[in-house]
Amino acid sequence: VDHRDIFSDPACLPTFNSHAIESRQHHIDGLSDHIVYMNDDFLFGRRLRHTTIFHPNGIAKFFMSGAVLSGESLSVDHAARNAADLLEAEFAVRVTNKMKHAPYALRRSALAALEDRFPDAFARTALHQLRSPDDIPVASSMGHYFGSFLGTAVPGTIANAYVDIGGPGFEEILESIALTRNYDVICLNDSGSGEVDADRRDAAVRRWLESYYPVPGEFEND
């Protein structure tokens with residue numbers, strides 16, 4: 001999907017801001033009402049039924065983390081607090097928790113309703129070509145909480161593994177995941193700590209991926 005197809009204002013482009021892109025994904029032409037959105041470091045760990053992510057009646061599930069919104073100065077933390085402030089002003093409820101690094105089940109209709117409710121925040125986020133302290137995180141948290149207020153989303157559970165491939169001991173963690181295959185979804189995230197040599201990290205992750213997923217998917221390139 002070309003960004004020009006979903007951003008109505010040419011002044012927004014080019015964009016390198018994932019918050020901006022996520023704020024426009026429900027404008028994709030032909031998109032169904034039920035969406036599963038994943039970041040590029042998410043992997044399915046095993047075959048899942050659709051009921052892991054959506055209830056049979058179409059209500060979406062979101063996967064809340066035990067981690068609470070922090071006061072840190074990273075752009076993602078600012079965005080989460082912005083969303084919490086907007087939702088509190090609208091619904092008199094203060095949301096406190098982050099979401100897990102797991103597939104985001106969303107309803108296109110709920111995202112459209114969210115944009116209708118907070119048009120200025122959406123427009124402001126879409127204009128930021130790089131991440132900004134004024135962003136809102138539409139897909140990764142705000143959309144889920146808004147869905148819960150509308151009745152289109154409810155908390156769910158999922159077996160997820162989060163692996164910092166830039167941290168010590170990640171190779172042993174990957175080996176354990178491969179042996180048990182007990183996880184629905186796996187997130188391989190590099191914290192950028194620099195604690196692991198990049199060549200060693202890349203070689204270990206490649207070996208693990210080739211072992212865990214030996215058969216190429218139909219959409220994979222050679």
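Which residues in helix 6 meet which residues in helix 7? In this predicted model, Phe170, Glu171, Leu174, Ile177 and Ala178 in helix 6 meet Arg200, Arg201, Ala204, Val205, Arg207, Trp208 and Tyr212 in helix 7.

## Helix 6 against helix 7

The axes of helix 6 and helix 7, the latter spanning residues 198-212, lie 11 Å apart and pack at an angle of about 0 degrees, which makes helix 6 roughly parallel to helix 7. Sorted by class, the residues of this contact comprise eight nonpolar and four charged ones, with no polar residue.

## Helix 3 against helix 5

A second helix pair is formed by helix 3, residues 108-117, and helix 5, residues 138-150, whose axes come within 10 Å and cross at roughly 95 degrees. Helix 3 is therefore roughly perpendicular to helix 5. On the side of helix 3 the contact is made by Ala110, Leu111, Ala113, Leu114 and Arg117, and on the side of helix 5 by Val138, Met142, Gly143, Phe146 and Leu150. Of the residues in this contact, eight are nonpolar, one is polar and one is charged.

Within this pair, Ala113 of helix 3 counts as partly exposed, because its relative accessibility is 27%. When neighbours within four places in sequence are left aside, Ala113 is in contact with Phe146 and Leu150, both of which belong to the helix 5 side of the contact. Ala113 and Arg46 are 67 residues apart along the chain, and their C-alpha atoms are separated by 33 Å.

## The loop around Asp184

Asp184 is placed in the loop between helix 6, residues 170-180, and strand 9, residues 185-189. With a relative accessibility of 10%, Asp184 falls under the 20% limit and so counts as buried. The side chain of Asp184 is joined to that of Arg46 by a polar contact of 2.7 Å. Apart from neighbours within four places in sequence, the residues in contact with Asp184 are Leu43, Phe44, Gly45, Arg46, Leu48, Thr52, Ile158 and Ala159, so that Arg46 appears both in this list and as the partner in the polar contact.

## Strand 8 and Ala161

Ala161 lies in strand 8, which covers residues 160-164, and is buried, with a relative accessible area of 6%. Although Ala161 and Asp184 are 23 residues apart along the chain, their C-alpha atoms are separated by 8.2 Å. Leaving aside neighbours within four places in sequence, Ala161 is in contact with Ile177, Tyr183, Val185, Ile186 and Cys187; among them, Ile177 is also one of the helix 6 residues that meet helix 7.

## Cysteines and disulfides

How many disulfides does a search of the whole structure find? The search finds zero. A disulfide is a covalent bond between the sulfur atoms of two cysteines. Cys12 counts as buried at 4% relative accessibility, and Cys187, which is among the contacts of Ala161, counts as buried at 0%.

## His128 between helices 4 and 5

Is His128 buried or exposed? His128, found in the loop between helix 4, residues 119-127, and helix 5, is buried because its relative accessible area of 17% is under the 20% limit. Once neighbours within four places in sequence are set aside, His128 is in contact with Thr15, Asn17, Ala20, Asp134 and Asp135.

Methods: Residues numbered from 1 in each chain as written. Predicted model: local features only at pLDDT ≥ 70, side-chain atom pairs only at ≥ 80, totals over all residues. Heavy atoms only, no water. Axes fitted to C-alpha atoms, helices over the stretch in contact; angles between N-to-C directions. Helix = DSSP H or I, 4+ residues; strand = E, 2+ residues; numbered from the N terminus. Parallel < 35°, antiparallel > 145°, perpendicular 65-115°, else oblique. Contact = heavy atoms within 4.5 Å. Nonpolar A, V, L, I, M, F, W, Y, C, P; charged D, E, K, R; others polar. Disulfide = S-S within 2.5 Å. Buried < 20%, exposed > 50% of the residue type's maximum accessible area, 1.4 Å probe, protein only. Polar contact = N/O pair within 3.5 Å; in protein donor to acceptor, adjacent residues only side chain to side chain.
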